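I opened this notebook to record what I looked up in the structure. The entries follow the order in which I consulted it.

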Amino acid sequence: MINFYKYLPVSREDENWGLSVLNAGCTRTEASDYYPYEGHPAPHNFNWNTWRILQEYQIIYITNGQGIFESSSLKQTRVKAGTIIILFPNERHRYKPDHQTGWDEYWVGLKGNIIDNLVNSGYLSPEKPCLYVGFNETIFNLYNCIIERTKEEKQGYQPLVSGAVLHLIGACHAAIKQTTAENKEEETIINQSMLLFRSNISNSYSPQLAAQQLNIGYSSFRKLFKNYTGLSPGQYYLQLKIEKAKEMLCGTNLPIKEISIELNFDSSFYFSKIFKKKTGLKPTDYRRRSQDPA
């Protein structure tokens with residue numbers, strides 16, 4: 001690793017994208033090295049005794065070594081390799097590598113409405129700033145991509161790196177979801193339920209019946225399924241039906257009523273209502289658009 005960091009200018013045009021990258025870098029701190037390295041601008045420089053408060057978000061990835069982290073919302077906690085540390089605006093914090101191991105870190109600083117909305121929606125929280133994702137090749141490559149683009153600083157690079165940061169956040173979220181499944185048995189339940197929903201897409205079926213066939217209480221099943229997929233079992237099953245309806249509208253000449261019967265909707269009226277709610281188009285309009293050569 002070659003130590004690098006860069007603080008970036010941001011124009012109003014860049015800010016209008018909704019996510020702007022303010023800085024990015026990577027640093028290797030050897031065992032017993034002073035931390036952090038000097039040379040960062042005053043608002044970003046700090047030491048363990050003085051703490052720090054930023055006016056931006058930072059997403060830090062510890063890829064080697066270990067250390068400790070502490071903030072206003074989280075008591076002092078150990079940080080191991082494979083951990084993402086998220087710093088929040090106006091949140092007092094401090095962190096440092098272990099003197100015996102040092103650590104390697106990659107980071108990116110950002111601001112914008114997009115990440116504000118993720119925080120307001122509960123996807124990111126100051127109470128949970130340390131997220132374990134393990135060594136994830138996708139996340140690692142995204143950091144390297146962001147750093148390389150900031151080194152070049154070519155015209156129009158801001159939307160490119162801000163898009164990479166959004167991909168990075170999504171990759172972290174997915175990695176966390178995959179590592180928080182409590183055990184293989186629960187993962188098996190989820191996979192089996194998905195198979196049941198797909199194989200019964202045209203039948204009179206329900207999430208309650210799936211839970212019964214899997215020998216699990218429905219409330220536990222619903223909680224487990226939503227934690228794993230982000231959707232309730234009912235919404236997941238309905239989305240499968242909508243996707244199947246799209247295929248039938250595009251690939252067949254079946255009347256809307258027959259499609260609604262095939263997918264076991266209560267009526268063609270109800271099917272059309274739900275389809276428009278989920279896609280923004282009536283089934284007839286969706287079919288027309290899909291068959292329009294223009």
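**Pairing of the strands**

I began with strand S2 and its partner strand S7 (residues 103–111); 9 bridges join the two, and they run antiparallel. I note that this is a predicted model. For one position of this pairing I looked up Ser20, whose bridge partner in S7 is Lys111.

I then turned to strand S1 (residues 4–7), which is joined to S2 by 4 bridges, again in an antiparallel arrangement. Here I recorded Lys6, which has Ala24 as its bridge partner in S2.

How many residues of strand S2 are buried? I found that 9 of the 10 residues in S2 (residues 20–29) are buried, and I entered the strand as mostly covered.

My next entry concerns strand S3 (residues 57–71) and strand S6, which run antiparallel and are joined by 5 bridges. Within this pair, Ile68 has Lys96 in S6 as its bridge partner.

Why is strand S6 described as largely enclosed by the rest of the structure? I noted that S6 covers residues 93–97 and that 4 of these 5 residues are buried, so the strand is largely enclosed. The cut-off I applied for a buried residue is under 20% relative accessible area.

**The largest pocket**

I looked up the largest pocket and wrote down a volume of about 630 Å³. Its lining consists of 21 residues, and those nearest the centre of the pocket are Gly122, Tyr123, His173, Ile176 and Lys177.

Which element gives the most to this lining? I found that H4 does, with 7 residues. Strand S5 (83–87), helix H4 (157–179) and helix H7 (218–229) each supply at least two residues of the lining. Sorted by class, I counted 11 nonpolar, 7 polar and 3 charged residues in the lining of the largest pocket.

**The chain as a whole**

I finished with the overall figures. The secondary structure of the protein chain comprises 11 helices and 8 strands. The radius of gyration of the chain is 24 Å, whereas the globule rule gives 19 Å for 294 residues; the value is well over the rule, so I entered the chain as more spread out than a compact globule. Along the principal axes, the C-alpha atoms fill a box of roughly 70 × 50 × 30 Å.

I also recorded that buried residues make up 42% of the 294 residues. Finally, among contacts with a separation of 6 or more, 69% are between residues 24 or more positions apart.

Methods:
Residues are numbered from 1 along each chain as its sequence is written. This is a predicted model: local features need pLDDT of at least 70, side-chain atom pairs count only at pLDDT 80 or more; totals for chains, interfaces and linings use all residues. Side-chain values use heavy atoms; hydrogens and water are left out. Buried means under 20% relative accessible area, exposed over 50%, partly exposed in between (1.4 Å probe, protein chains only). Two strands pair if DSSP finds at least two bridges between them. On a 1 Å grid over the protein atoms alone, a cavity is a set of points where a 1.4 Å probe fits but cannot get out, and a pocket is an open set with protein on both sides within 12 Å along at least five of seven lines; lining residues have an atom within 4 Å of a point. Grid points are joined across faces, edges and corners, and a volume is the space filled by probe spheres set on the points. Ala, Val, Leu, Ile, Met, Phe, Trp, Tyr, Cys and Pro count as nonpolar, Asp, Glu, Lys and Arg as charged, and the others, Gly among them, as polar. The radius of gyration is taken over C-alpha atoms; the globule rule is 2.2 Å times the number of residues to the power 0.38. Contact means heavy atoms within 4.5 Å.
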